[in-house]
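I opened this entry to look up the aromatic rings and how they sit in the fold. The structure goes in first, then my notes.

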Amino acid sequence: MKKYLLLLISFISFSVLAQKPAPSPAAVASQKVGNTEVMIKYAQPSVKGRLVFGTKEAKALVPYGEVWRTGANEATTIEISNDITVQGKTLAKGVYSLFTIPGETEWTIIFNKDAKMWGAYTYKEANDVLRVKARVSEHAHTEQFTIGITAAGQVTLDWDKASVSFYLK
């Protein structure tokens, strides 16, 4: 009897834990831009009262001037079905990891050919295929990191009070 009771308690405990929402849930942004399918897969961290963007000295979650995975968990990926331009520079069709280097007024957007990695721990600049710049604007607080794509090709990264957009064509 004790064996069955222990098994039942273990099953109930596992079921309760399995139903707990992920701290940084998976998300997908997809859109057709012209004749090109664009799909971005990422995880959505939340602010949770933390300082998100700022200096290392201020203990920001995402320090200025450092490569960020642009989300949480696995590196964010972007898949494009045809060659496109990003901020006017050509990017061949394919799947890329999408990294950023946040700054106070400008971010560097990075497309890296190594699309399978956890975070930015094994990121290698030598694998970058394209880097472009994008301006930061301030907007209303966004608790959960969100990526959006419009049919006109605007990709927007919103988190906390920062909003960064770059353009696909």
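Entry 1, burial. I call a residue buried when its relative accessible area is under 20%, and exposed when it is over 50%. I looked up Trp68 first: its relative accessible area is 9%, so it is buried. Trp159 has 2% relative accessibility and therefore also counts as buried. Phe145 is buried, as is Trp68. Over the whole protein chain, I find that buried residues make up 43% of the 169 residues.

Entry 2, confidence. I am working from a predicted model. The mean pLDDT of the protein chain is 90, with 88% of its residues at 70 or more. I checked the weak stretch: residues 4-17 have a pLDDT below 50, and beyond near neighbours in sequence they make 0 contacts in the model. Where pLDDT is low, predicted coordinates should not be read in detail. I leave residues 4-17 at that.

Entry 3, fold. I list 1 helix and 11 strands for the protein chain. Starting from the N terminus, the order is α-β-β-β-β-β-β-β-β-β-β-β. I then took the contacts with a separation of 6 or more; 52% of them join residues 24 or more positions apart. The accessible surface of the protein chain is about 9900 Å², and carbon and sulfur atoms hold 57% of it.

Entry 4, aromatic pairs. I find 10 aromatic pairs in the structure. For Trp68 and Phe145, the ring centres are 5.3 Å apart and the planes stand at 70 degrees; edge-to-face requires over 60 degrees, so this pair is edge-to-face. Trp68 is in the loop between strand E4 (62-63) and strand E5 (77-80), while Phe145 is in strand E10 (residues 128-149), so the pair ties together parts 77 residues apart in sequence.

I looked up a second partner of Trp68. Trp68 and Trp159 are 5.7 Å apart, centre to centre, with 10 degrees between the planes, and I log the pair as stacked. Trp159 belongs to strand E11 (residues 154-167) and Trp68 to the loop between E4 and E5, which makes this a link between distant parts of the chain, 91 residues apart.

Entry 5, cluster. Which residues form one aromatic cluster? I list Tyr42, Phe53, Trp68, Trp107, Phe145 and Trp159. Within this cluster, I note Trp68 with Phe145 as edge-to-face and Trp68 with Trp159 as stacked.

Definitions and conventions. Residues are numbered from 1 along each chain as its sequence is written. This is a predicted model: local features need pLDDT of at least 70, side-chain atom pairs count only at pLDDT 80 or more; totals for chains, interfaces and linings use all residues. Side-chain values use heavy atoms; hydrogens and water are left out. Rings of Phe, Tyr and Trp (its six-membered ring) pair if their centres lie within 6.5 Å; planes under 30 degrees apart count as stacked, over 60 as edge-to-face and the rest as tilted. Helices (H or I, at least four residues) and strands (E, at least two) are DSSP runs, numbered from the N terminus. Buried means under 20% relative accessible area, exposed over 50%, partly exposed in between (1.4 Å probe, protein chains only). pLDDT is the predictor's confidence in each residue, from 0 to 100. Contact means heavy atoms within 4.5 Å. Accessible areas come from the Shrake-Rupley method with a 1.4 Å probe; for residues, only the protein chains shown count as cover.
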